[in-house]
Amino acid sequence: MELVYKVYYKLNKKVINKEREYLKSIDIDKIYDSLIKECWKYSIQYKLILKDKYVLEIMLYGKRSNRLLKFDKSTQVLYEDYLSFLYRCNNENIDKAYYISTGYFKEEVINVNHYEKLPFKIILEDSVKFISKQMMMNSKHKDRLSRNYIRFYGYIPD
């Protein structure tokens with residue numbers, strides 16, 4: 001699946017780089033509202049863990065699985081940020097966790113996440129992968145992100 005996003009990025013590099021700036025400017029409240037609308041639509045219970053100007057952490061409870069989602073507006077995710085997220089994941093009963101950043105992940109974070117043996121899976125999504133996924137899901141506006149609604153359907157638990 002990573003190959004699909006890399007090819008999509010190569011084909012739409014200029015548009016995605018423009019949309020990265022837009023993604024950085026989106027308010028966390030708008031991200032939160034989009035996620036909550038998806039939860040209401042699919043009858044998913046949620047618990048807000050942390051919400052401030054730059055970070056949104058929310059626990060999503062499905063019928064068969066639980067997921068932890070973190071949306072971070074930092075330009076780069078450091079190893080210490082990843083460790084605090086990993087600590088939070090260990091304290092919650094989850095099957096999968098998503099760490100979404102509007103920037104990028106340091107190489108040591110990617111390496112630790114890849115080689116760490118955990119009872120749950122942590123998926124790291126930088127701004128390029130997140131925007132590519134959003135644009136691929138939104139058939140009406142292929143050339144840009146939806147200005148009113150960020151889709152979180154792929155992150156909702158079963």
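Modeller: Two strands count as paired if DSSP finds at least two bridges between them, and in this predicted model that rule applies to strand 2 and strand 3, which are joined in a hairpin through four residues.

Colleague: What makes strand 2 and strand 3 a pair, and in which sense do they pair?

Modeller: Strand 2 and strand 3 share seven bridges in the antiparallel sense, and at least two bridges are required, so the pair satisfies the rule. One position to look at is Leu56, which stands opposite Phe71 in strand 3.

Colleague: How do you know that strand 1 and strand 2 pair?

Modeller: Six bridges join strand 1 to strand 2, and these strands run antiparallel; since the rule asks for at least two bridges, they count as a pair. Strand 1 and strand 2 also form a hairpin, with three residues between them, and within this pairing Lys47 stands opposite Met59 in strand 2.

Colleague: What is the strand order of the open sheet, and what kind of pairing does it have?

Modeller: The open sheet has five strands in the order 1-2-3-5-7, and its pairing is mixed. Strand 5, residues 96-101, and strand 7 run parallel and are joined by five bridges, with Ala97 having Ile122 as its bridge partner in strand 7, whereas strand 1 and strand 2 run antiparallel.

Colleague: Which strands are called edge strands, and what makes them so?

Modeller: Strand 1 (45-51) and strand 7 (121-125) are the edge strands, as each pairs on one side only. From one strand to the next, the twist averages 15°. Helix 3, residues 28-41, packs on this sheet and touches strand 1, strand 2 (55-61) and strand 3 (66-72), with a direction that makes about 10° with that of strand 2.

Colleague: Why is Met59 called buried?

Modeller: The relative accessibility of Met59 is 0%, and buried means under 20%, so Met59 is counted as buried. Met59 lies in strand 2, a strand that is mostly covered, with six of its seven residues buried.

Colleague: Which residues is Met59 in contact with, leaving aside its neighbours within four places in sequence?

Modeller: The contacts of Met59 beyond those neighbours include Gln45, Tyr46, Lys47 and Ile49, as well as Asn66, Arg67 and Leu68, and also Glu92, Asn93 and Ile94. For Met59 and Lys47, the C-alpha atoms are 5.1 Å apart in space, although the two residues are 12 residues apart in sequence.

Colleague: Why do Asp29 and Lys51 count as a salt bridge?

Modeller: The closest N and O atoms of Asp29 and Lys51 are 2.8 Å apart, and the cut-off is 4 Å, so the pair qualifies. This pair links distant parts of the chain, with Asp29 in helix 3 and Lys51 in strand 1, 22 residues apart.

Colleague: Why is Asp29 called partly exposed, and what about Lys51?

Modeller: Partly exposed covers the range between under 20% and over 50%; Asp29 falls there because its relative accessibility is 36%, and Lys51 falls there because its relative accessible area is 35%.

Colleague: What makes Lys70 and Glu57 a salt bridge?

Modeller: Their closest N and O atoms are 3.7 Å apart, which is within the 4 Å cut-off, so Lys70 and Glu57 meet the rule. Lys70 lies in strand 3 and Glu57 in strand 2, so the salt bridge ties together parts that are 13 residues apart in sequence. Both residues fall under the 20% limit for buried, because Lys70 has a relative accessible area of 6% and Glu57 has one of 4%. Glu57 and Lys70 are also linked with Arg88 in a network of salt bridges.

Colleague: How many salt bridges are there by this rule, and how far apart are the closest N and O atoms of Glu125 and Lys133?

Modeller: The count comes to four salt bridges, and one of them joins Glu125 to Lys133, whose closest N and O atoms are 2.7 Å apart. Glu125 and Lys133 are both buried.

Colleague: Why does Leu3 count as exposed?

Modeller: Exposed means over 50% relative accessible area, and Leu3 reaches 62%, so Leu3 counts as exposed. Leu3 sits in helix 1, residues 2-11, and together with Val7 and Leu11 it makes a nonpolar surface patch of about 330 Å².

Definitions and conventions. Residues are numbered from 1 along each chain as its sequence is written. This is a predicted model: local features need pLDDT of at least 70, side-chain atom pairs count only at pLDDT 80 or more; totals for chains, interfaces and linings use all residues. Side-chain values use heavy atoms; hydrogens and water are left out. Helices (H or I, at least four residues) and strands (E, at least two) are DSSP runs, numbered from the N terminus. Axes are lines fitted to C-alpha atoms, for helices over the stretch in contact, and angles run from 0 to 180 degrees between N-to-C directions. Contact means heavy atoms within 4.5 Å. Patches are made of residues with over 30% relative accessible area and no salt bridge: like charges are joined within 9 Å, nonpolar side chains (Val, Leu, Ile, Met, Phe, Trp, Tyr) within 5 Å. Accessible areas come from the Shrake-Rupley method with a 1.4 Å probe; for residues, only the protein chains shown count as cover. A salt bridge is a side-chain nitrogen of Lys or Arg within 4 Å of a carboxyl oxygen of Asp or Glu. Buried means under 20% relative accessible area, exposed over 50%, partly exposed in between (1.4 Å probe, protein chains only).
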